[in-house]
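Please open the model in a viewer and follow the stops below in order. Each stop proposes a selection and then describes what is found there.

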There are 2 protein chains.
Amino acid sequence: MKSLSIKDIAVKANVSITTVSFIINGKAKEKSISEAVIEKVEKIIEESGYKPNQIARSLRTGNSNIIGLIIEDISNSFFSRIARLIEDKAYKRGYKIIYSSTENNVDKAKELINMFKSRKVDAYIISPIKGIEEDIQMLLDDGNPVILFDRNLSDINTSYVGADHFNASHQSIQSFIDQGKKNIALVTTDINVEQIIERCDGYKKALEDNGIKYDDNLVLKIHFNQEERETIAQIQELFENKKIDAVLFATNYLAISGLKALKQINKKVGDDLGVIAYDDHEAFELHTPRISAVQQPLEEIAETIIKLILNQLSSKGKSPVEEVIIPARLVIRD
Amino acid sequence: MKSLSIKDIAVKANVSITTVSFIINGKAKEKSISEAVIEKVEKIIEESGYKPNQIARSLRTGNSNIIGLIIEDISNSFFSRIARLIEDKAYKRGYKIIYSSTENNVDKAKELINMFKSRKVDAYIISPIKGIEEDIQMLLDDGNPVILFDRNLSDINTSYVGADHFNASHQSIQSFIDQGKKNIALVTTDINVEQIIERCDGYKKALEDNGIKYDDNLVLKIHFNQEERETIAQIQELFENKKIDAVLFATNYLAISGLKALKQINKKVGDDLGVIAYDDHEAFELHTPRISAVQQPLEEIAETIIKLILNQLSSKGKSPVEEVIIPARLVIRD
DNA sequence: TTGACCGACTAAAACGTTTTAGCATAGCCG
DNA sequence: CGGCTATGCTAAAACGTTTTAGTCGGTCAA
């Protein structure tokens, strides 16, 4: 069963395709189509359930009303929540989101960009990784709106929205120190992205500010794509061999693995062992004792991203590059 | 900067558009294009970084290589994990996923279907809700491949993939009874979807099979879109007013709210109060004590969905309708 | 020498829109 | 009455592909 085209409607209404198109696009008044014709055509459209073919429309107009969202991993709750918020807000403005996960793989990320490019998405929202600077620069050169979020790429001059990772991390460590902790570990990942680096820098700076010597042995860098089992083993090794009275996990999934690790070796979180996780997670509120976490203001981040994107989309010319750094909130629990 | 078109390539290579198209689509041999020309054109394509415009391609061929995925809520870990798996598998076969969340809203679901329809997606994967039967039937009538998952719609005759909710639920309750529990509560949602109904039916049947009378007062139906605060209050009320020694939560987010509720009123999960959650969640493994859960085989579900979709896409004719029910696994913890 | 066939390629239609440019007719002013 | 403007509409080009139905020369068998 072929679906209806604008032509079918035109024939049924006994008017030209042009007229139908004007009516569909709300230009009827402007183009001085008579009230009678407008009504007739609208009735026919209504009755027949005709929907314009977006593909043809996109081909003609050059825009797709689709925004491409490229993230690390949709199954990570930070990203899935952001995705949901962005989707929701975009949807309300008539845009659809088409997303994909890079899994921190440069090749996949490049492929995704190409895929989106050939699909002519109207704008790109990217949580980038090192190694795709060139591809992003090409998008910018072609005049596409691009917003980076969560992590910045210093070489790229485009708008960015993210939390203040440095200060959040600094503040977390400071809170440990204020509680009298001295041997503070950091469990982080080995992926080389700005937001992770800032978290490390905040850690170092806080130690330094308090006259505590930075000890490389207390920092564990976990390889990104490895099995959780291995991660757990490495964390256990760290805690068994070092004297540690507090730990900052640089991502929520590391914190989850870490808590599992501690549980298995029967190390209790509490007064003797402080834990803060970067990025909140439902599990933390529920854990006994409850785990403190750095909360990124997801709603605000999503809202800002959409705002910037829409600005760029409406002002055809170059919009100013904006970097929005949003404070994150350390939620101390128990 | 306009992006390149096939015409630019043709001009550069001094051949016709047709020839370039054949080469791009791997039909060069078949159409007897000479080796020399193939090489020349491929070189130019390579150098110029030309990518075919998928929109024009879709318009012409009528298919988009996009599969539409309609789910309840991408920020729910069950769905985000499934989405990730589906995306991954589809991607490997050259398909992209475009997804959207219905939030259990019939109007939004209908709109999404229309949106996907006008975008000419090649196939639909839908976790449906009551009230969109007609729309789905229209898709089927138009000859679109449609796979339902997670929940079935009895009125609709199309392929379905889901877990065996009835038995998983039955088994969960049976395990409570085997431990000597008598007053078993069920916390579920009020959305009227088959998979939830099956979970309730499993609950009832298990009680009946063991000669325990079904008590309506032990079943709490939570309104879907309400604030978590309210949910927690209702659950607390249930536990404060009834004698309950075990509870099955029909979804993972209800279990999370439930555990928070119990924690607040200082009711300890353990020997005196058994808890099982439907759908696993990282928080359960981490909880003290660890929470038992029904695990749906996500990997298998995703794989089956993709397999069915690809079958339908390749066999242009009507493929047989298949209902695949996959056993779920009750993981008893602690 | 002819006709059939083959190899190597191409012209042009078609997909379903949007949009530019223009065509009647009518009314109005001077 | 001639020229203008407004009203109400439409023809046709264009967007970038794929694909059908060729064309054009050459080779080979009869």
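Begin by selecting chain A of this predicted model and colouring it by relative accessible area: 55% of its 334 residues count as buried. The chain exposes about 15,000 Å², and carbon and sulfur atoms supply 47% of that area. Switch to a cartoon to see 13 helices and 12 strands in chain A. Next, display the C-alpha trace, which spans about 85 × 40 × 30 Å along its principal axes. The radius of gyration of chain A is 26 Å, whereas a compact globule of 334 residues would have a value near 20 Å. Among contacts in chain A with a separation of 6 or more, 67% are accounted for by residues 24 or more positions apart.

Now select DNA strand C together with the residues around it. Which residues come nearest to this strand? Of the 29 residues around DNA strand C, these are Ile6(A), Lys27(A), Arg60(A), Thr19(B) and Ser34(B). Helices α2 (17–24) and α4 (54–61) of chain A, and α2 (17–24) and α4 (54–61) of chain B, each supply at least two residues of the surface near the strand. Coloured by class, that surface shows 11 nonpolar, 11 polar and 7 charged residues. On the DNA side, sugar or phosphate accounts for 57% of the strand C atoms within 4 Å of the protein, and bases for the rest.

Three individual contacts with DNA strand C merit a closer view. In chain A, a polar side-chain atom of Arg57(A) lies 2.8 Å from a phosphate oxygen of the strand. In chain B, a polar backbone atom of Ser16(B) is 2.7 Å from a phosphate oxygen. Arg60(B) instead places a side-chain N or O atom 3.1 Å from a base nitrogen.

Proceed to the backbone geometry. Most peptide bonds are trans, and most residues other than glycine have a negative phi. Select Thr288(A) and Pro289(A), which are joined by a cis peptide bond with omega of about -10°; Pro289(A) is in the loop between α12 (282–286) and β10 (292–295) of chain A. In chain B, the bond from Thr288(B) to Pro289(B) is cis, with omega near -10°, and Pro289(B) is in the loop between α12 (282–286) and β10 (292–295) of that chain.

Finally, select two asparagines with positive phi. Asn266(A), with phi near 65°, is found in the loop between α11 (252–264) and β9 (274–278) of chain A, and is exposed at a relative accessible area of 57%. Asn65(B), with phi of about 60°, lies in the loop between α4 and β1 (66–71) of chain B, and is partly exposed at 30%.

How values were computed
Residues are numbered from 1 along each chain as its sequence is written. Chains are lettered from A and ligands numbered from 1 in the order in which they are written. This is a predicted model: local features need pLDDT of at least 70, side-chain atom pairs count only at pLDDT 80 or more; totals for chains, interfaces and linings use all residues. Side-chain values use heavy atoms; hydrogens and water are left out. A residue is near a molecule or strand if one of its heavy atoms lies within 4 Å of it. A polar contact is a pair of N or O atoms within 3.5 Å; within protein, one must be able to donate a hydrogen and the other to accept it, and residues adjacent in sequence count only if both atoms are side-chain atoms. Helices (H or I, at least four residues) and strands (E, at least two) are DSSP runs, numbered from the N terminus. Ala, Val, Leu, Ile, Met, Phe, Trp, Tyr, Cys and Pro count as nonpolar, Asp, Glu, Lys and Arg as charged, and the others, Gly among them, as polar. The radius of gyration is taken over C-alpha atoms; the globule rule is 2.2 Å times the number of residues to the power 0.38. Buried means under 20% relative accessible area, exposed over 50%, partly exposed in between (1.4 Å probe, protein chains only). Contact means heavy atoms within 4.5 Å. Accessible areas come from the Shrake-Rupley method with a 1.4 Å probe; for residues, only the protein chains shown count as cover.
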